[in-house]
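User: Please take a close look at one part of this model, the surroundings of the bound ligand, and describe them in a connected way.

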Amino acid sequence: MDWVYINEVAKHVGKEVEIKGWLYNKTHKGKLWFLLVRDGTGIIQAVAFKDDVDEQTFENCDKLTQESSLKVMGKISEDKRAPGGYELQVHKLEIIQVAEDYPITPKEHGTTFLMDHRHLWLRSSRQHAILKIRHEIIKASRDFFDNRGFVLVDTPIFTPAACEGTTTLFETDYFGDKVYLTQSGQLYSEASMMSFGKVYTCSPAFRAEKSKTRRHLTEFWLVEPEMAFFDFEDNMKLAEDHVTYIVERVLENKKEELKVIERDTAPLENVKPPFPRISYDDAVKMLQDEGIDFEWGGDFGGTDETIISEKFDKPLFVHRFPAAIKAFYMKRDAEREELALGCDLLAPEGYGEIIGGGQREDNLEILLKRIKEHNLPREAFEWYLDLRKYGSVPHSGYGLGIERTLAWICKLKHVRESVPFPRMIYRTTP
Ligand code: 4AD
Ligand code: MG
């Protein structure tokens, strides 16, 4: 008998098949058992009628508890009333394991309880849908760059140098030496960009974020493109097309999942270029006009970003930040030395920053000066400085945070549901 996955049953109507999976739920009515069986690809209703099955099978239906693993054989039929539109008329059911009392039941559970049981919580339909959308975002990003001739070049996790400031470094012992977990693959991507022209990485990043907010993880995933001969504007254009493509792909391929999580898709349909571009100066004015006590020169906090992004119905770029609050590698604006050619993309509906990037400093002397100003150890950056000695070119790039992007697309309250096993200041288990 053919083993089929639930998302393929439409091709097997009228045929005998075998489905392997887990019991999601069951109800009983006289001589009938209605079993909801899931196998990772979908959920199907399996109906066992006492007169059609052997005694063992009917007893097995009784014994099955939530999340018990099983094999069920029977005929597929179309049934508009059944969840998913198809039904399995059971002929035989074998139990693989009777699950112990499952801790996650249809009743409401607190967040801490669910997070402590994250390894089981992943099976619930909502979490399942969110993580399938995560897959689509990563796949769409890879396709986006692959289709444009970018080369995927991986970057290391153990690094000798800080990329994004020294306050969020995770330090670790490396055979008696000190190394850090990478905060971003950017510096290495700049090296591979000089070999391939257009590159990207998709990699975990680590930051010792001591803040307990709905946007911060200590381990998260970054998609980072880096392009030779791209200026600041070219970079924003690429980011805009990238985000547009991600949203299109999710809307097209993940309709069912968006329904499961009850996402209103109207705001997503609206994500089309061009995205508004506003300067840091104007963003500060916007906050001040709202009566917020914000001084020019400061960095936006989560609440500030929420206020700014709520004013737009599309993602928007904020650009030309005070150089003092940005990383050492950012190129300065030729017209205003105090500004960095950096841009952040803020997601709408109050979500805030999902992308950070900009044009890089390509002059050796200036870069060296910045490294000193930022009190960074020159030795750790010698190799990076080489990139400005041997054929330096104007270049730009950005990093898109997968979890923040997913949190926005799924409209999650907290970024912790956007990654299978979140790592946050107070959580390293399961
Ligand atoms: O703005 P960031 O710090 O930029 C960089 O790391 C650059 N080196 C990227 C580049 O130009 N190649 O981080 C990029 C993105 C943010 O916009 C955000 O989406 C995400 O990474 N991010 C986090 N996501 C979850 N938890 C955290 N603690 C994050 N920190 C940054
Ligand atoms: Mg940033």
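Analyst:
**The site of ligand 1**

Ligand 1 sits in the largest pocket of this model, which is a predicted one. The shell around ligand 1 is made up of 23 residues, and the closest of these are Glu-164, Gln-186, Arg-207, Glu-224 and Glu-353. Three strands, E12 (219-228), E16 (352-359) and E17 (395-401), each contribute at least two residues to that shell, and among the contributors E16 gives the most, with 5 residues.

Nitrogen atoms of the ligand take part in several polar approaches, which involve both side-chain and backbone atoms of the protein. Glu-164, one of the closest residues, places a polar side-chain atom 2.6 Å from a nitrogen atom of ligand 1. At Leu-217 the partner is instead a polar backbone atom, which lies 2.9 Å from a nitrogen atom of the ligand, and at Tyr-398 a backbone N or O atom is found 3.4 Å from a ligand nitrogen atom. Taken on its own, ligand 1 has 630 Å² of accessible area, of which the protein covers 94%.

Away from the description of the ligand, one pair of residues in contact can be set side by side. Ser-69, in strand E5 (residues 69-78), touches Ile-96 among other residues, and Ile-96 in turn belongs to strand E6 (residues 86-97). Ser-69 counts as buried because its relative accessibility is 14%, under the 20% limit, whereas Ile-96 counts as exposed because its value is 55%, over the 50% limit.

Methods:
Residues numbered from 1 in each chain as written. Chains lettered and ligands numbered in written order. Predicted model: local features only at pLDDT ≥ 70, side-chain atom pairs only at ≥ 80, totals over all residues. Heavy atoms only, no water. Helix = DSSP H or I, 4+ residues; strand = E, 2+ residues; numbered from the N terminus. Buried < 20%, exposed > 50% of the residue type's maximum accessible area, 1.4 Å probe, protein only. Contact = heavy atoms within 4.5 Å. Near = heavy atom within 4 Å. Polar contact = N/O pair within 3.5 Å; in protein donor to acceptor, adjacent residues only side chain to side chain. Areas by Shrake-Rupley, 256 points an atom, 1.4 Å probe, with all protein chains shown as cover. 1 Å grid on protein atoms, 1.4 Å probe; cavity = no way out; pocket = protein on both sides within 12 Å on 5 of 7 lines; lining within 4 Å. Sits in = over half its atoms within 2 Å of the grid points. Lists of a residue's contacts leave out its neighbours within four places in sequence.
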